[in-house]
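User: I am new to this structure and would like a close look at a single part of it. Please take one pairing of side chains as the starting point and work outward from there.

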Amino acid sequence: MSSASARSARRRSPADLDHLDGVASRADLAALGIDADLIDPQLAADRWQRVGSAIVPHNGPLSRRQRELVALFNCGPRSVFTSFTAAE
């Protein structure tokens, strides 16, 4: 198997991030085999959106859950929800 076909065989979809409502970092997408060659054109064409360091694979309004996840991605690995948000 050539490296190009091996890469495409490993390539998966942002839908594989359903547990994160599609919100991902470049590293998360790279782990799925989605590299800059796919990410950058999607962002440039405004089909996906970058919100800080998070990437969301659509260009519509973010849901509440997506906004919360974007906040966690942008605040760093030690960030947590507190108070009423954490209790939900």
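Analyst: In this predicted model, a good place to begin is the salt bridge in which the side chains of Asp40 and Arg26 meet, with N and O 2.6 Å apart. This pair links distant parts of the chain, since Asp40 belongs to helix 3 (residues 36-44) and Arg26 to helix 2, with their positions 14 residues apart in sequence. Asp40 is partly exposed, at a relative accessible area of 35%, and Arg26 is likewise partly exposed, at 32%.

Helix 2, which covers residues 26-31, also holds Leu29, and this leucine counts as buried because its relative accessibility is 2%, where the cut-off for buried is under 20%. Beyond its neighbours within four places in sequence, Leu29 is in contact with Leu17, Ala24, Ile34, Ile39, Trp48 and Ile55. One of these partners, Leu17, is 12 residues away from Leu29 in sequence, and the two C-alpha atoms are 8.7 Å apart in space.

The pair formed by Asp40 and Arg26 can be set beside the others, for a search of the whole structure finds three salt bridges. In general, side chains of opposite charge can pair when their charged atoms come close. Another of these bridges joins Arg65 to Asp21, with the closest N and O atoms 3.4 Å apart. Arg65 lies in helix 4 while Asp21 sits in the loop between helix 1 (3-10) and helix 2, so this pair ties together parts that are 44 residues apart in sequence. Arg65 is partly exposed, with a relative accessible area of 37%, and Asp21 is partly exposed too, at 31%.

Asp21 is also met by Gln66, a residue of helix 4 (residues 64-75), whose side chain reaches the backbone oxygen of Asp21 at 2.8 Å. The side chain of Gln66 makes a further polar contact, at 3.3 Å, with the side chain of His58. Gln66 itself is buried, with a relative accessible area of 8%, and its contacts beyond four places in sequence are with Asp21, Val23, Val56, His58 and Pro61.

Helix 4 also contains the salt bridge between Arg64 and Glu68, whose closest N and O atoms are 3.2 Å apart; because these two residues are four apart in that helix, they are separated by about one helical turn. Arg64 is partly exposed, at 43% relative accessibility, whereas Glu68 is buried, at 15%.

Technical notes
Residues are numbered from 1 along each chain as its sequence is written. This is a predicted model: local features need pLDDT of at least 70, side-chain atom pairs count only at pLDDT 80 or more; totals for chains, interfaces and linings use all residues. Side-chain values use heavy atoms; hydrogens and water are left out. Buried means under 20% relative accessible area, exposed over 50%, partly exposed in between (1.4 Å probe, protein chains only). A polar contact is a pair of N or O atoms within 3.5 Å; within protein, one must be able to donate a hydrogen and the other to accept it, and residues adjacent in sequence count only if both atoms are side-chain atoms. Contact means heavy atoms within 4.5 Å. A salt bridge is a side-chain nitrogen of Lys or Arg within 4 Å of a carboxyl oxygen of Asp or Glu.
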